[in-house]
Each structure stands twice: as C-alpha cells, then as structure tokens.
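User: Hi! Could you walk me through this structure?
Analyst: Happy to, let's look together.

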Amino acid sequence: MKITVVGTGYVGLVTGTCLAETGNEIVCVDNNAEKVQKMRNGIVPIYEPHLDVLFDRNIEANRLTFTTDLKAGLDHGEVIFLALPTPEDEDGSADLSYVLGVAKEIGDYITDYKVIVDKSTVPVGTAEKVRATIAKTAKAEFDVVSNPEFLREGFAVDDFLKPERIVIGTKSKKAAEIMQRLYKPYVRSGNPILVMDEKSAELTKYAANSFLATKITFMNEVANYCELVGADVDHVRIGMGTDSRIGKRFLFPGIGYGGSCFPKDVKALHKSGKDANFSFKILEAVVDINEQQKTKLFPKMEGYFKDDLKGKTIAVWGLAFKPETDDIREAPALYMIDLLLEAGAKVKAFDPEAMENVKRKYGDKVTFCENMYQATEGANALLICTEWSIFRTPDFTKLKKQLSEPVIFDGRNLYTTEELKELDFHYLSIGRKS
Ligand code: UGA
C-alpha cells in the first residue's frame, strides 16, 4: 500500500518504519529540513532499540523516503497518517494546532480519495474537527479514522510489529476495510483489530494511559503508607499482583511516572472532563500524588544530611524518565536535581543514553560522568532515579570505597533491604524499611 506519514517524531518514525517493513511504500513528511536531510542520510533522530536496523533496511529497499514537501507527500499516499505533536496547553488541554493546521492543508491539496488517520493522542471529538477542517476546502472524497497508538518507548518496534490490539475508530466501512488490510500482517497471532466509533477510539487511548498512571499512583500511595506502618511494599506488590484480576505489571512503586505521555494525557483527560462539566476526581488525585512522589526522596536526603546538603556531592544514576530511552521529559531525576542544586549540593550524573539531553538543560551546573563509577567516586551519597539494567548489580565493595558515606537513596527499589543491610549500607528506598 502507498502510505504517507506526516510528522517524524517518535510515533511517526516508528509507524513509518514498521509499516515499510511489511512491504508498504512509505513517504514521511516533516517540516524540519535539517531533520529530513539527516534521515535521508540514514541517521535515526531518536534513540529506540532495534529501530536503526529496520530504518536502514527499508531506506535501502527504497520503501522509506523522506520529504519536507507536504503536497508531494499527500499525492503519494492513499492512507495519510497524522503523527503530529499534541503538546499540553497552559490549561492542561491538548493543543490541536499542529493537527488542525495540517488538516487544513490536506483539504487544500488532495485530489483523490484518502483515508486520514489520527495517530496522535487527541481528545474526544478531534476526528470530527479534523473532518470539518478538511471538508471546508476538499475537492476529493476522504474518510477520517482515529487509530491511537499504544507504543512504549524502549519497546516501540516490538509493540508495533506485535500489538496486543489495534483500535480503529471510524464511521466509514470503506476506511475500516482499508485499515484492516493494512494491519493484517501485524496481528497474525490472532490479536484483535477492534473497530469502533471514532469517539470511543479517541477515549480508549486516554483511558488506557490514565488507568496505567492511576495503577502506578495507587501503588505509590500504598508504598508511602507501608513506610508509615512498617510494611514492605515489595511483599504487598507481589501479594496483590499474583491475583490475575490485578496483574503483576505496572505495580512497581518509585519516584513517580514521567515521560511524554502519562503526565500529559492524565491532565488532558481531566481537562476534557471539565469541559464537559464532568469531574474526573480520581485523576486530580493522581496528578497531585505524582507531583509529590517525584521528590519523595528529597526529605529523606535532607533528613540524612541533617538539613545541610550544601557542598555535599550527590552521584545520580539514571536521568531518563525510564530505562531504554534518552527521553527526559517529566523525568523525576530532573526534579530531584533541581532540589539538590537549590540546596547547594553538587551533582555528578550518569545515564547510559540521556546525558546529551540533560547537558542541554543544565550545562556545567551538573558534572556529567563517563560511567556510573566515575559519578560515585568521592561522592557523599548515591541517588538512583532510573532502573537501567546496568545499575542492578553494581560492585558494592567498590561503591563502598568510593562513597565518603555508605548511603544509597534508591527511587526504583533496585536492591533488597536485606542485602544492603548485610553489606552495611544505609539504604533508603520507596515503601520499605530502611
Ligand atoms: C506509555 C504507555 O505505556 C504506552 O502504552 C503508550 O502508548 C505511551 O505511553 C504513549 O501514550 O505514547 P511510555 O510513556 O513509553 O508508554 O512509558 P511506560 O513504560 O508506560 O512508563 C511510564 C512511566 O511510568 C515511567 O516513568 C515509568 O518509570 C513509570 N512506571 C511504570 C512506574 O513508575 N511503575 C511501573 O510499575 C511502571
């Protein structure tokens, strides 16, 4: 099939590349000429495991090309994916200006039937707005489909190639059939392609992300309570999670969720509710609790250093909002670094992928290290913010020699309290006895 993907951000690039993988001819459109040139030269502009291999292979096979020319892009595809940013507006709602801006141009340019697919995370009613915008000037027939994506950063290629489900929201039978044909090779395992109305598809995405954020947040509250009553959240988590109705996943407590999706989507669903005179009270609580959770370890650090962090050196392991990504959007590590710097502490940081992004934000206010042990050398304490695998089994003997005080603040519960007690570390984590 001939497909056009407008927007080569994270979602667009993964979508375009993975659709090329099954033999479709993909044209990716982006208005950033420099980025387009880089991609033409075979450079993947984001870090995402396995994407580079597929990217190279499909460019080589001439199934994946890039342009800044929207009109040429629209001429190419029968299906046009909109993978455009929907950033958070000042009032928490999703800013649709990019999506509707391109919709207007689609109306101006299309000359034959097109399926316009909303891949971006958009509030209920957006498909209708896209349709109305295109219809103002369109001289050809078109259908609009809401097709939310459920990709996780770090696993996006696998999630795209083997999705648990595909959601297609449309009122057009013709468009639904085209979309089913396009996705058929990806659901050979028997996972469903769910066809529904547009609004339900739009809401499915927000509801799924908000539910997952709520699940994590519930566990964070339980963890905080565990600390108060002397229970161990790891036992509670496993005890709960083995009930198949609850499930083991997304029950890991920590210093809060971050990233480009959960924080934005929870707020956007809350705001959409408000606009319809509906109060999503549970989401209000989720936002509040997560804000507090991100800096949960700071008072513990202040407590340990007797409110005197000035001049102390803190090694920070992990800067990305989660492992396997270089994304630092809403990363809890940054909230902790801000507080540490404000308190006069020095920060020595290491992350396997996200350092360049953090350098751009902090410059020389933070010392960036080449490896995890360079960060801990001579530091007063270690703070862990992201659960990269490399941090899971450190050389504790070395650490003890390097740190001027054997203390670890762990925002991701990487070690057992027992093992660190045996090694004589002062170990403060989330929801467990210190
Ligand atoms: C999330 C969803 O999981 C995807 O299904 C969705 O497609 C995507 O948002 C999106 O809307 O584009 P992602 O933001 O990549 O994916 O990351 P997750 O793996 O879901 O993690 C989100 C945050 O929750 C991270 O900060 C992570 O550390 C935190 N988390 C996750 C926990 O604190 N505890 C857990 O048990 C799980």
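Analyst: First, a term: helices (H or I, at least four residues) and strands (E, at least two) are DSSP runs, numbered from the N terminus. This is a predicted model, where local features need pLDDT of at least 70, side-chain atom pairs count only at pLDDT 80 or more, and totals for chains, interfaces and linings use all residues. Residues are numbered from 1 along each chain as its sequence is written.

User: Thanks! What phi does asparagine 62 take, just after H3?
Analyst: Asparagine 62 takes a positive phi of about 65 degrees.

User: And which residues of H3 are buried?
Analyst: In H3, residues 51-60, the buried ones are Leu54, Phe55 and Asn58. They sit on the same side of H3 because they cover an arc of only 105 degrees around the axis, going by the directions from the helix axis to the C-beta atoms. Buried means that 20 or more other C-beta atoms lie within 10 Å of a residue's own, exposed means 12 or fewer, and partly exposed is in between, with C-beta atoms placed from the backbone.

User: Which exposed residues are on the face turned away?
Analyst: That face of H3 carries Val53 and Glu60.

User: Zooming out, how many helices and strands does the protein chain have?
Analyst: The protein chain has 18 helices and 14 strands.

User: How far does the C-alpha trace span along its principal axes?
Analyst: The trace spans about 70 × 45 × 40 Å.

User: And what share of the chain is buried?
Analyst: Buried residues are 45% of the 434 in the protein chain.
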